[in-house]
Amino acid sequence: MLPGIIDGMFDVQKIRKDFPILSRKVQGSKQLVYLDSAATSQKPQGVLDAMNEYYTHFNANVHRGIHTLGNESTSVFQNSRQKIAQFFGADDNELILVRNTTEGLNALCYMWGEKHISEGDMIVSTEMEHHSNFVPWQQLAKRKHATFTAVHVHEHGELDLHHLEELLKTKKVKLIAVVHVSNAIGTINPIKRIVELSHQYGAKVIVDGAQSASHMPVNFHKLEYDAYAFSGHKMLGPMGIGGLLVRAKIIDELQPYVFGGGMIDTVSVEETTFAELPDKYIAGTPDVASTVGLAVACGYLNTIDMKKAFQHDQELVAYALEKLSAMKNVKIVGPLDVKKRCGSVAFLYHGVHAHDVAQILDSEGVAVRSGHHCTMPLHTKFGWIATTRASFNVYSTTHEIDVLVQALQKVKVVFGK
Amino acid sequence: MENRKEFMSDLYQEIILEHAKYPHHFGELQHPTHTLKGVNARCGDMLELQLIVVNGKIQEVAWKGNGCAISTASSSILSDLIKGKTIAYAKKVSIKDLLKEMGLETILPIREKCLTLALKILQNLLNKSNL
(Lines give C-alpha, C1' and ligand atoms only; values in the text may rest on other atoms or scores of the structure.)
Protein backbone atom coordinates (compact mmCIF):
# COMPACT_ATOMS: atom_id res chain seq x y z
CA MET A 1 0.00 0.00 0.00
CA LEU A 2 1.35 3.43 -0.90
CA PRO A 3 1.74 5.98 1.91
CA GLY A 4 -1.42 7.83 2.71
CA ILE A 5 -3.45 6.30 -0.06
CA ILE A 6 -6.28 3.84 0.43
CA ASP A 7 -8.15 2.93 -2.74
CA GLY A 8 -6.98 6.18 -4.30
CA MET A 9 -8.51 8.23 -1.48
CA PHE A 10 -6.55 10.84 0.44
CA ASP A 11 -6.30 9.46 3.99
CA VAL A 12 -4.79 12.01 6.32
CA GLN A 13 -4.75 9.65 9.31
CA LYS A 14 -2.64 7.22 7.37
CA ILE A 15 -0.32 10.01 6.21
CA ARG A 16 0.13 11.17 9.82
CA LYS A 17 1.55 7.75 10.75
CA ASP A 18 4.52 8.50 8.49
CA PHE A 19 5.39 11.54 10.62
CA PRO A 20 6.44 10.30 14.09
CA ILE A 21 6.90 13.86 15.40
CA LEU A 22 3.16 14.47 15.08
CA SER A 23 2.46 12.10 17.97
CA ARG A 24 4.71 14.10 20.28
CA LYS A 25 3.37 15.47 23.52
CA VAL A 26 4.26 19.02 24.52
CA GLN A 27 3.58 21.21 27.56
CA GLY A 28 3.30 18.18 29.79
CA SER A 29 0.71 15.85 28.34
CA LYS A 30 -0.77 17.99 25.56
CA GLN A 31 -0.94 16.52 22.09
CA LEU A 32 1.21 18.56 19.67
CA VAL A 33 -0.90 20.44 17.14
CA TYR A 34 1.59 21.60 14.55
CA LEU A 35 0.16 24.52 12.59
CA ASP A 36 3.46 26.08 11.56
CA SER A 37 4.17 24.19 8.34
CA ALA A 38 4.67 27.39 6.34
CA ALA A 39 7.76 28.03 8.48
CA THR A 40 8.95 24.48 7.99
CA SER A 41 7.10 21.26 7.27
CA GLN A 42 7.60 18.07 9.23
CA LYS A 43 9.46 15.22 7.53
CA PRO A 44 8.17 11.71 6.93
CA GLN A 45 10.20 8.84 8.38
CA GLY A 46 11.21 7.76 4.87
CA VAL A 47 13.11 11.02 4.34
CA LEU A 48 14.96 10.64 7.63
CA ASP A 49 15.76 6.99 6.93
CA ALA A 50 17.09 7.77 3.46
CA MET A 51 19.46 10.41 4.81
CA ASN A 52 20.63 8.09 7.54
CA GLU A 53 21.13 5.31 5.01
CA TYR A 54 23.17 7.59 2.79
CA TYR A 55 25.62 8.43 5.57
CA THR A 56 25.61 4.87 6.89
CA HIS A 57 26.31 3.09 3.61
CA PHE A 58 27.28 5.45 0.78
CA ASN A 59 29.09 8.45 2.20
CA ALA A 60 31.90 9.64 -0.06
CA ASN A 61 32.54 12.88 -1.91
CA VAL A 62 30.85 13.15 -5.29
CA HIS A 63 32.51 13.55 -8.69
CA ARG A 64 35.95 12.90 -7.19
CA GLY A 65 37.12 9.56 -5.80
CA ILE A 66 37.57 6.77 -8.30
CA HIS A 67 36.40 4.10 -5.91
CA THR A 68 33.25 2.16 -5.13
CA LEU A 69 31.82 4.57 -2.57
CA GLY A 70 32.69 7.58 -4.75
CA ASN A 71 30.82 6.03 -7.65
CA GLU A 72 27.81 5.03 -5.59
CA SER A 73 27.60 8.40 -3.89
CA THR A 74 27.84 10.20 -7.23
CA SER A 75 25.11 8.12 -8.79
CA VAL A 76 22.84 8.49 -5.72
CA PHE A 77 23.37 12.26 -5.93
CA GLN A 78 22.68 12.45 -9.66
CA ASN A 79 19.56 10.29 -9.40
CA SER A 80 18.27 12.43 -6.57
CA ARG A 81 18.86 15.63 -8.55
CA GLN A 82 16.95 14.20 -11.47
CA LYS A 83 14.03 13.16 -9.29
CA ILE A 84 13.80 16.67 -7.82
CA ALA A 85 13.85 18.26 -11.28
CA GLN A 86 11.24 15.78 -12.53
CA PHE A 87 8.97 16.57 -9.60
CA PHE A 88 8.74 20.12 -10.92
CA GLY A 89 8.43 19.01 -14.53
CA ALA A 90 11.85 20.50 -15.29
CA ASP A 91 14.96 19.15 -17.00
CA ASP A 92 17.94 18.22 -14.87
CA ASN A 93 19.91 21.00 -16.55
CA GLU A 94 17.42 23.63 -15.44
CA LEU A 95 17.93 22.94 -11.74
CA ILE A 96 20.57 24.68 -9.64
CA LEU A 97 20.75 23.17 -6.16
CA VAL A 98 20.92 25.76 -3.39
CA ARG A 99 20.30 25.75 0.35
CA ASN A 100 16.84 27.31 0.26
CA THR A 101 14.57 29.79 -1.53
CA THR A 102 16.45 32.76 -0.09
CA GLU A 103 19.77 31.52 -1.43
CA GLY A 104 18.18 30.73 -4.80
CA LEU A 105 16.81 34.25 -5.16
CA ASN A 106 20.07 35.84 -4.03
CA ALA A 107 22.00 33.58 -6.41
CA LEU A 108 19.86 34.78 -9.29
CA CYS A 109 20.34 38.35 -8.21
CA TYR A 110 24.12 37.94 -8.61
CA MET A 111 24.16 35.50 -11.50
CA TRP A 112 21.60 37.28 -13.66
CA GLY A 113 21.04 40.70 -12.09
CA GLU A 114 24.64 41.87 -11.97
CA LYS A 115 24.91 41.43 -15.74
CA HIS A 116 21.49 42.54 -16.91
CA ILE A 117 20.50 45.40 -14.64
CA SER A 118 21.99 48.81 -15.29
CA GLU A 119 21.41 52.46 -14.53
CA GLY A 120 17.91 53.65 -15.35
CA ASP A 121 16.35 50.17 -15.35
CA MET A 122 13.46 49.32 -13.09
CA ILE A 123 13.10 46.23 -10.88
CA VAL A 124 9.58 45.51 -9.62
CA SER A 125 8.77 43.47 -6.54
CA THR A 126 5.44 43.46 -4.67
CA GLU A 127 4.17 44.80 -1.37
CA MET A 128 3.32 41.25 -0.24
CA GLU A 129 6.77 39.89 -0.95
CA HIS A 130 8.81 37.98 1.61
CA HIS A 131 11.96 39.95 2.44
CA SER A 132 13.98 37.34 0.54
CA ASN A 133 12.41 38.32 -2.80
CA PHE A 134 12.43 42.01 -1.94
CA VAL A 135 15.67 43.02 -0.22
CA PRO A 136 18.11 41.34 -2.69
CA TRP A 137 16.49 43.23 -5.61
CA GLN A 138 16.25 46.47 -3.67
CA GLN A 139 19.97 46.23 -2.88
CA LEU A 140 20.83 45.29 -6.49
CA ALA A 141 18.95 48.39 -7.66
CA LYS A 142 21.00 50.51 -5.27
CA ARG A 143 24.27 49.04 -6.55
CA LYS A 144 23.26 49.63 -10.16
CA HIS A 145 21.56 53.03 -9.73
CA ALA A 146 18.39 51.41 -11.00
CA THR A 147 14.87 52.03 -9.67
CA PHE A 148 13.19 49.60 -7.30
CA THR A 149 9.45 49.64 -6.68
CA ALA A 150 6.68 47.35 -5.44
CA VAL A 151 3.30 46.47 -6.97
CA HIS A 152 0.49 47.60 -4.67
CA VAL A 153 -1.66 45.15 -2.75
CA HIS A 154 -5.44 45.67 -2.57
CA GLU A 155 -7.31 45.81 0.70
CA HIS A 156 -8.27 42.14 0.37
CA GLY A 157 -4.74 40.98 -0.13
CA GLU A 158 -4.53 40.75 -3.91
CA LEU A 159 -2.01 42.31 -6.25
CA ASP A 160 -3.08 45.39 -8.17
CA LEU A 161 -2.42 44.25 -11.74
CA HIS A 162 -3.35 47.67 -13.13
CA HIS A 163 -0.49 49.11 -11.12
CA LEU A 164 1.80 46.42 -12.52
CA GLU A 165 0.73 47.30 -16.04
CA GLU A 166 1.31 50.99 -15.43
CA LEU A 167 4.84 50.20 -14.30
CA LEU A 168 5.44 47.94 -17.30
CA LYS A 169 4.25 50.68 -19.64
CA THR A 170 7.27 52.79 -18.65
CA LYS A 171 9.25 50.15 -20.61
CA LYS A 172 11.99 50.38 -18.04
CA VAL A 173 11.06 47.22 -16.16
CA LYS A 174 13.60 44.44 -16.59
CA LEU A 175 12.41 42.11 -13.88
CA ILE A 176 9.33 41.23 -11.82
CA ALA A 177 10.05 39.40 -8.55
CA VAL A 178 6.78 37.92 -7.32
CA VAL A 179 5.65 35.37 -4.79
CA HIS A 180 3.49 32.47 -6.04
CA VAL A 181 1.67 32.02 -2.71
CA SER A 182 2.03 34.65 0.01
CA ASN A 183 3.55 33.25 3.19
CA ALA A 184 1.87 35.98 5.23
CA ILE A 185 -1.69 36.11 3.91
CA GLY A 186 -1.97 33.00 1.76
CA THR A 187 -2.87 34.75 -1.50
CA ILE A 188 -2.37 32.68 -4.65
CA ASN A 189 -1.11 35.20 -7.17
CA PRO A 190 -2.26 35.00 -10.81
CA ILE A 191 1.22 34.07 -12.04
CA LYS A 192 0.02 33.17 -15.54
CA ARG A 193 -1.47 36.61 -16.07
CA ILE A 194 1.56 38.32 -14.55
CA VAL A 195 3.87 36.41 -16.88
CA GLU A 196 1.74 37.29 -19.94
CA LEU A 197 1.78 40.96 -19.05
CA SER A 198 5.45 41.08 -18.18
CA HIS A 199 6.67 39.19 -21.23
CA GLN A 200 4.58 41.43 -23.43
CA TYR A 201 6.79 44.28 -22.19
CA GLY A 202 10.00 42.25 -22.23
CA ALA A 203 10.40 41.85 -18.47
CA LYS A 204 11.59 38.62 -16.88
CA VAL A 205 9.53 37.01 -14.09
CA ILE A 206 11.17 35.44 -11.04
CA VAL A 207 8.81 33.43 -8.84
CA ASP A 208 9.27 32.74 -5.14
CA GLY A 209 7.83 29.24 -4.87
CA ALA A 210 8.56 28.61 -1.19
CA GLN A 211 4.88 28.28 -0.27
CA SER A 212 3.53 26.78 -3.48
CA ALA A 213 5.97 23.90 -3.99
CA SER A 214 4.44 21.62 -1.38
CA HIS A 215 0.82 22.68 -1.78
CA MET A 216 -0.05 22.49 -5.47
CA PRO A 217 1.13 20.89 -8.68
CA VAL A 218 3.92 22.98 -10.20
CA ASN A 219 4.92 22.29 -13.78
CA PHE A 220 7.90 24.39 -14.74
CA HIS A 221 7.52 23.71 -18.46
CA LYS A 222 3.82 24.50 -18.61
CA LEU A 223 4.20 27.83 -16.86
CA GLU A 224 6.14 30.47 -18.69
CA TYR A 225 7.98 32.28 -15.92
CA ASP A 226 11.74 32.56 -16.19
CA ALA A 227 12.86 31.23 -12.81
CA TYR A 228 11.33 29.58 -9.75
CA ALA A 229 12.98 29.15 -6.34
CA PHE A 230 11.90 26.67 -3.67
CA SER A 231 12.95 25.28 -0.28
CA GLY A 232 13.14 21.55 0.38
CA HIS A 233 12.35 21.92 4.05
CA LYS A 234 8.91 23.39 3.35
CA MET A 235 7.98 20.40 1.18
CA LEU A 236 8.63 17.52 3.59
CA GLY A 237 12.37 17.49 2.87
CA PRO A 238 15.29 18.37 5.11
CA MET A 239 16.57 21.84 5.92
CA GLY A 240 19.60 23.03 3.95
CA ILE A 241 18.51 22.00 0.46
CA GLY A 242 16.42 23.79 -2.11
CA GLY A 243 16.51 24.69 -5.73
CA LEU A 244 16.45 27.38 -8.33
CA LEU A 245 14.82 26.42 -11.61
CA VAL A 246 15.91 28.56 -14.54
CA ARG A 247 14.75 28.36 -18.16
CA ALA A 248 17.20 26.51 -20.39
CA LYS A 249 17.69 29.55 -22.63
CA ILE A 250 18.69 31.71 -19.66
CA ILE A 251 20.57 29.32 -17.41
CA ASP A 252 23.64 28.91 -19.60
CA GLU A 253 24.14 32.66 -19.74
CA LEU A 254 24.22 33.12 -16.00
CA GLN A 255 27.50 34.16 -14.44
CA PRO A 256 28.76 31.86 -11.69
CA TYR A 257 29.13 33.77 -8.42
CA VAL A 258 30.56 31.08 -6.17
CA PHE A 259 33.82 29.75 -7.52
CA GLY A 260 35.95 26.79 -6.56
CA GLY A 261 36.08 23.04 -6.85
CA GLY A 262 33.61 21.07 -8.91
CA MET A 263 32.45 23.95 -11.11
CA ILE A 264 35.57 24.36 -13.24
CA ASP A 265 36.77 22.82 -16.46
CA THR A 266 40.38 23.98 -16.65
CA VAL A 267 42.32 26.35 -14.41
CA SER A 268 45.59 28.15 -15.12
CA VAL A 269 47.18 31.26 -13.71
CA GLU A 270 45.85 33.23 -16.67
CA GLU A 271 42.39 31.82 -17.16
CA THR A 272 39.64 29.50 -15.87
CA THR A 273 36.99 27.80 -17.95
CA PHE A 274 33.86 26.53 -16.29
CA ALA A 275 32.21 23.14 -16.22
CA GLU A 276 29.06 22.32 -18.16
CA LEU A 277 25.62 22.44 -16.64
CA PRO A 278 24.55 21.55 -14.02
CA ASP A 279 27.97 21.49 -12.31
CA LYS A 280 28.83 25.02 -13.43
CA TYR A 281 26.87 26.61 -10.59
CA ILE A 282 27.73 24.19 -7.78
CA ALA A 283 31.05 25.06 -6.22
CA GLY A 284 32.36 22.91 -3.40
CA THR A 285 30.99 19.71 -1.92
CA PRO A 286 27.20 19.66 -2.18
CA ASP A 287 24.85 18.55 0.61
CA VAL A 288 24.34 15.06 -0.81
CA ALA A 289 22.37 13.61 2.11
CA SER A 290 19.87 16.47 2.01
CA THR A 291 19.56 16.14 -1.76
CA VAL A 292 18.76 12.45 -1.22
CA GLY A 293 16.24 13.38 1.49
CA LEU A 294 14.53 15.93 -0.74
CA ALA A 295 14.28 13.44 -3.61
CA VAL A 296 12.52 11.01 -1.27
CA ALA A 297 10.19 13.82 -0.13
CA CYS A 298 9.36 14.55 -3.78
CA GLY A 299 8.60 10.86 -4.28
CA TYR A 300 6.37 10.88 -1.23
CA LEU A 301 4.44 13.92 -2.51
CA ASN A 302 4.12 12.30 -5.94
CA THR A 303 2.64 9.21 -4.33
CA ILE A 304 0.11 11.30 -2.47
CA ASP A 305 -0.55 13.22 -5.71
CA MET A 306 -0.18 16.99 -5.64
CA LYS A 307 -3.70 17.50 -6.97
CA LYS A 308 -5.05 15.68 -3.92
CA ALA A 309 -2.67 17.54 -1.65
CA PHE A 310 -4.02 20.83 -3.02
CA GLN A 311 -7.61 19.70 -2.58
CA HIS A 312 -6.86 18.73 1.04
CA ASP A 313 -5.27 22.12 1.60
CA GLN A 314 -8.34 23.90 0.19
CA GLU A 315 -10.58 21.97 2.58
CA LEU A 316 -8.40 22.97 5.54
CA VAL A 317 -8.25 26.62 4.49
CA ALA A 318 -12.03 26.75 3.96
CA TYR A 319 -12.62 25.16 7.36
CA ALA A 320 -10.20 27.53 9.13
CA LEU A 321 -11.75 30.56 7.40
CA GLU A 322 -15.22 29.48 8.51
CA LYS A 323 -14.29 28.69 12.13
CA LEU A 324 -12.01 31.67 12.70
CA SER A 325 -14.25 34.23 11.05
CA ALA A 326 -17.02 33.16 13.44
CA MET A 327 -14.90 34.34 16.40
CA LYS A 328 -15.77 37.80 17.63
CA ASN A 329 -12.26 38.99 18.43
CA VAL A 330 -10.57 37.51 15.40
CA LYS A 331 -10.05 39.33 12.11
CA ILE A 332 -8.72 37.29 9.22
CA VAL A 333 -6.20 38.96 6.92
CA GLY A 334 -5.87 38.23 3.21
CA PRO A 335 -8.46 37.08 0.68
CA LEU A 336 -11.72 35.73 2.07
CA ASP A 337 -12.35 33.66 -1.03
CA VAL A 338 -10.83 30.24 -0.42
CA LYS A 339 -10.10 29.80 -4.14
CA LYS A 340 -7.69 32.69 -3.97
CA ARG A 341 -5.64 31.33 -1.11
CA CYS A 342 -3.56 28.39 -0.06
CA GLY A 343 -1.58 26.93 2.81
CA SER A 344 -2.36 29.20 5.73
CA VAL A 345 -4.77 31.52 7.49
CA ALA A 346 -3.37 34.50 9.38
CA PHE A 347 -5.37 36.73 11.69
CA LEU A 348 -5.35 39.58 14.16
CA TYR A 349 -6.73 39.11 17.66
CA HIS A 350 -8.36 42.30 18.88
CA GLY A 351 -6.31 44.00 21.59
CA VAL A 352 -3.82 41.20 22.13
CA HIS A 353 -0.38 41.10 20.50
CA ALA A 354 0.28 38.12 18.23
CA HIS A 355 3.23 37.00 20.36
CA ASP A 356 0.96 36.70 23.36
CA VAL A 357 -1.67 34.86 21.31
CA ALA A 358 0.98 32.40 20.10
CA GLN A 359 2.34 31.93 23.60
CA ILE A 360 -1.07 31.07 24.96
CA LEU A 361 -1.80 28.72 22.06
CA ASP A 362 1.53 27.03 22.79
CA SER A 363 0.40 26.38 26.35
CA GLU A 364 -2.37 24.29 24.79
CA GLY A 365 0.09 22.44 22.54
CA VAL A 366 -0.77 24.46 19.43
CA ALA A 367 2.25 25.65 17.41
CA VAL A 368 1.61 28.73 15.24
CA ARG A 369 3.81 31.54 13.95
CA SER A 370 3.45 35.11 15.13
CA GLY A 371 5.12 38.31 13.97
CA HIS A 372 5.54 40.04 10.64
CA HIS A 373 6.46 36.79 8.84
CA CYS A 374 9.31 38.55 7.04
CA THR A 375 6.81 40.78 5.23
CA MET A 376 7.33 44.14 6.92
CA PRO A 377 6.23 46.25 3.91
CA LEU A 378 2.85 44.44 3.91
CA HIS A 379 2.36 44.72 7.66
CA THR A 380 3.34 48.39 7.63
CA LYS A 381 0.96 49.14 4.76
CA PHE A 382 -2.04 47.72 6.57
CA GLY A 383 -0.94 48.91 10.02
CA TRP A 384 -0.68 45.41 11.43
CA ILE A 385 1.77 45.28 14.32
CA ALA A 386 2.01 41.51 14.05
CA THR A 387 -0.25 38.69 12.92
CA THR A 388 -0.79 35.11 14.05
CA ARG A 389 -0.62 32.47 11.34
CA ALA A 390 -1.90 28.90 11.31
CA SER A 391 -0.43 26.99 8.39
CA PHE A 392 -0.95 23.52 7.03
CA ASN A 393 0.52 20.67 5.08
CA VAL A 394 -0.60 17.25 3.88
CA TYR A 395 -0.72 15.88 7.42
CA SER A 396 -2.86 18.68 8.91
CA THR A 397 -6.45 17.97 9.97
CA THR A 398 -9.68 19.87 10.57
CA HIS A 399 -9.56 18.49 14.12
CA GLU A 400 -6.34 20.47 14.65
CA ILE A 401 -8.17 23.61 13.55
CA ASP A 402 -10.85 22.82 16.14
CA VAL A 403 -8.14 22.58 18.82
CA LEU A 404 -6.76 25.94 17.63
CA VAL A 405 -10.19 27.56 17.92
CA GLN A 406 -10.70 26.03 21.37
CA ALA A 407 -7.25 27.21 22.50
CA LEU A 408 -8.04 30.74 21.30
CA GLN A 409 -10.77 30.88 23.95
CA LYS A 410 -7.95 30.89 26.48
CA VAL A 411 -6.66 34.21 25.15
CA LYS A 412 -9.91 35.69 26.33
CA VAL A 413 -9.55 34.06 29.74
CA VAL A 414 -6.04 35.41 30.28
CA PHE A 415 -6.36 38.87 28.76
CA GLY A 416 -10.02 39.42 29.45
CA LYS A 417 -10.49 40.39 25.79
CA MET B 1 -10.61 25.37 30.18
CA GLU B 2 -8.36 25.82 33.19
CA ASN B 3 -9.03 28.87 35.25
CA ARG B 4 -6.97 31.94 34.73
CA LYS B 5 -4.83 31.70 37.87
CA GLU B 6 -3.72 28.18 37.17
CA PHE B 7 -2.62 29.05 33.67
CA MET B 8 -0.83 32.21 34.62
CA SER B 9 1.52 30.39 36.93
CA ASP B 10 4.06 30.10 34.11
CA LEU B 11 4.52 33.24 32.02
CA TYR B 12 1.62 35.62 32.35
CA GLN B 13 2.04 36.58 35.99
CA GLU B 14 -0.53 38.97 37.44
CA ILE B 15 2.08 41.71 37.62
CA ILE B 16 2.88 41.36 33.91
CA LEU B 17 -0.77 41.50 32.92
CA GLU B 18 -1.31 44.56 35.13
CA HIS B 19 1.60 46.44 33.59
CA ALA B 20 0.54 45.35 30.10
CA LYS B 21 -2.96 46.67 30.72
CA TYR B 22 -1.98 49.88 32.49
CA PRO B 23 1.61 50.63 31.48
CA HIS B 24 3.48 53.23 33.55
CA HIS B 25 5.05 56.29 31.90
CA PHE B 26 3.47 55.45 28.56
CA GLY B 27 3.37 58.44 26.21
CA GLU B 28 5.58 61.36 25.29
CA LEU B 29 7.51 64.05 27.15
CA GLN B 30 7.16 67.69 26.10
CA HIS B 31 10.86 68.52 26.19
CA PRO B 32 12.95 65.38 26.41
CA THR B 33 16.72 65.81 26.60
CA HIS B 34 17.28 62.38 25.09
CA THR B 35 15.24 60.24 22.70
CA LEU B 36 15.99 56.91 21.04
CA LYS B 37 13.94 54.48 18.96
CA GLY B 38 14.54 50.78 18.75
CA VAL B 39 13.03 47.79 17.06
CA ASN B 40 12.59 44.14 17.91
CA ALA B 41 13.76 42.68 14.62
CA ARG B 42 12.03 39.40 15.32
CA CYS B 43 8.53 40.85 15.24
CA GLY B 44 8.96 44.43 14.05
CA ASP B 45 7.74 45.94 17.32
CA MET B 46 8.94 49.53 17.63
CA LEU B 47 9.54 51.43 20.80
CA GLU B 48 10.67 54.98 21.56
CA LEU B 49 12.24 55.92 24.87
CA GLN B 50 12.50 59.49 26.11
CA LEU B 51 14.39 60.87 29.08
CA ILE B 52 14.88 64.19 30.81
CA VAL B 53 18.34 64.05 32.35
CA VAL B 54 19.44 66.81 34.69
CA ASN B 55 22.74 66.74 36.57
CA GLY B 56 23.28 63.05 36.03
CA LYS B 57 19.80 62.13 37.18
CA ILE B 58 16.85 60.79 35.19
CA GLN B 59 14.15 63.26 36.20
CA GLU B 60 11.49 62.07 33.79
CA VAL B 61 11.00 59.05 31.60
CA ALA B 62 8.41 58.18 28.97
CA TRP B 63 8.08 55.54 26.30
CA LYS B 64 5.67 54.63 23.55
CA GLY B 65 5.21 51.90 21.01
CA ASN B 66 3.29 48.78 20.25
CA GLY B 67 4.40 45.56 21.73
CA CYS B 68 3.35 42.29 23.27
CA ALA B 69 2.48 41.92 26.94
CA ILE B 70 6.06 40.98 27.82
CA SER B 71 7.67 43.94 26.07
CA THR B 72 5.01 46.35 27.35
CA ALA B 73 5.36 45.13 30.94
CA SER B 74 9.15 45.16 30.83
CA SER B 75 9.17 48.71 29.41
CA SER B 76 6.76 49.82 32.11
CA ILE B 77 8.78 48.16 34.86
CA LEU B 78 12.05 49.55 33.51
CA SER B 79 10.59 53.06 33.53
CA ASP B 80 9.67 52.60 37.20
CA LEU B 81 13.15 51.32 37.97
CA ILE B 82 15.05 54.25 36.47
CA LYS B 83 12.83 57.25 37.16
CA GLY B 84 14.47 59.56 39.69
CA LYS B 85 17.64 57.45 39.70
CA THR B 86 21.18 58.40 38.66
CA ILE B 87 22.65 57.52 35.28
CA ALA B 88 25.15 55.29 37.07
CA TYR B 89 22.24 53.34 38.55
CA ALA B 90 20.39 53.12 35.23
CA LYS B 91 23.51 51.70 33.59
CA LYS B 92 23.53 48.84 36.04
CA VAL B 93 19.94 47.70 35.48
CA SER B 94 20.12 44.17 34.15
CA ILE B 95 17.89 41.51 32.64
CA LYS B 96 17.95 39.84 36.05
CA ASP B 97 16.48 42.96 37.65
CA LEU B 98 13.65 43.00 35.11
CA LEU B 99 12.90 39.31 35.62
CA LYS B 100 12.85 39.78 39.38
CA GLU B 101 10.40 42.68 39.17
CA MET B 102 8.21 40.66 36.82
CA GLY B 103 8.12 37.69 39.12
CA LEU B 104 9.93 35.45 36.67
CA GLU B 105 12.97 33.28 37.20
CA THR B 106 13.83 32.93 33.57
CA ILE B 107 12.54 33.81 30.12
CA LEU B 108 12.03 31.53 27.12
CA PRO B 109 14.82 32.18 24.58
CA ILE B 110 12.23 33.09 21.94
CA ARG B 111 10.77 35.83 24.19
CA GLU B 112 14.11 37.28 25.34
CA LYS B 113 14.03 40.04 22.72
CA CYS B 114 10.55 41.05 23.94
CA LEU B 115 11.83 41.26 27.51
CA THR B 116 14.95 43.25 26.66
CA LEU B 117 13.72 45.67 23.98
CA ALA B 118 13.36 48.70 26.26
CA LEU B 119 16.49 47.82 28.24
CA LYS B 120 18.59 47.58 25.07
CA ILE B 121 17.28 50.97 23.89
CA LEU B 122 18.12 52.49 27.27
CA GLN B 123 21.63 51.05 27.18
CA ASN B 124 22.18 52.27 23.60
CA LEU B 125 20.90 55.69 24.48
CA LEU B 126 23.16 55.99 27.52
CA ASN B 127 26.19 54.84 25.50
CA LYS B 128 25.46 56.98 22.45
CA SER B 129 24.85 60.13 24.47
CA ASN B 130 27.99 59.58 26.55
CA LEU B 131 25.88 59.82 29.65
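## A tour from strand 7 outwards

Start with helix 6 of chain A, residues 161–169, which lies across strand 7, strand 8 and strand 9 of that chain. The helix runs at about 155 degrees to strand 8 of chain A. Keep in mind that this is a predicted model.

**Stop 1: strand 7 of chain A.** Select residues 122–126. Is this strand enclosed or open? Five of its five residues are buried, so strand 7 of chain A is largely enclosed by the rest of the structure. Now show the side chains. In a regular strand they alternate between the two faces of the sheet. Here Met122(A), Val124(A) and Thr126(A) point one way, while Ile123(A) and Ser125(A) point the other way. Residues on both sides are buried.

**Stop 2: the neighbours of strand 7.** Add strand 8 of chain A, residues 147–151. Five bridges join it to strand 7 of chain A, and the two run parallel. Pick Thr126(A): its bridge partner in strand 8 of chain A is Val151(A). Then add helix 5 of chain A, residues 135–144. With strand 7 and strand 8 of chain A, helix 5 makes a right-handed β-α-β unit.

Next, select strand 9 of chain A, residues 173–179. Three bridges join it to strand 7 of chain A, and this pair also runs parallel. Met122(A) has Val173(A) as its bridge partner in strand 9 of chain A. Val124(A) stands opposite Ile176(A) in strand 9 of chain A.

**Stop 3: the whole sheet.** Widen the selection to the seven strands of this open sheet in chain A. Their order is 6-12-11-10-9-7-8, with mixed pairing. Which strands form the edges? Strand 6 (95–98) and strand 8 of chain A do, each pairing on one side only. Neighbouring strands are turned by 20 degrees against each other on average, direction ignored.

**Stop 4: the cores.** Ile176(A) comes up again here: it is among the residues with the most contacts inside the largest nonpolar core. Select Ile84(A), Phe88(A), Tyr225(A), Tyr228(A), Phe230(A) and Met235(A) as well; they belong to that group too. This core has 74 residues. Helix 9 of chain A, residues 288–304, gives the most to it, with 10 residues. A second, separate core has 67 residues. To find it, pick Val33(A), Leu324(A), Val366(A) and Leu125(B), which are included in it.

**Stop 5: two helix pairs.** In chain A, select helix 2 (residues 45–58) and helix 3 (residues 68–87). Their axes come within 10 Å and cross at roughly 160 degrees. Helix 2 and helix 3 of chain A are therefore roughly antiparallel to each other. On helix 2 of chain A, the contact uses Tyr54(A), His57(A) and Phe58(A). On helix 3 of chain A, it uses Leu69(A), Glu72(A), Ser73(A) and Val76(A).

Now go to chain B and select helix 2 (residues 14–21) and helix 3 (residues 69–82). These axes come within 8 Å and cross at roughly 85 degrees. So helix 2 and helix 3 of chain B are roughly perpendicular to each other. Ile16(B), His19(B) and Ala20(B) of helix 2 of chain B take part in the contact. From helix 3 of chain B, the contact residues include Ala69(B), Ala73(B) and Ile77(B).

**Stop 6: helix 11 of chain A.** Finish at residues 354–363. Nine of the 10 residues are buried, so helix 11 of chain A is largely enclosed by the rest of the structure. Among the buried ones are His355(A), Asp356(A) and Gln359(A). Just after this helix, look at Gly365(A), which takes a positive phi of about 90 degrees.

Notes. Residues numbered from 1 in each chain as written. Chains lettered and ligands numbered in written order. Predicted model: local features only at pLDDT ≥ 70, side-chain atom pairs only at ≥ 80, totals over all residues. Heavy atoms only, no water. Buried < 20%, exposed > 50% of the residue type's maximum accessible area, 1.4 Å probe, protein only. Helix = DSSP H or I, 4+ residues; strand = E, 2+ residues; numbered from the N terminus. Pairing = 2+ DSSP bridges. Right-handed = clockwise from strand over helix to strand, strands pointing away. Axes fitted to C-alpha atoms, helices over the stretch in contact; angles between N-to-C directions. Contact = heavy atoms within 4.5 Å. Core = buried A, V, L, I, M, F, W, Y, C linked by side-chain atoms within 4.5 Å. Parallel < 35°, antiparallel > 145°, perpendicular 65-115°, else oblique.
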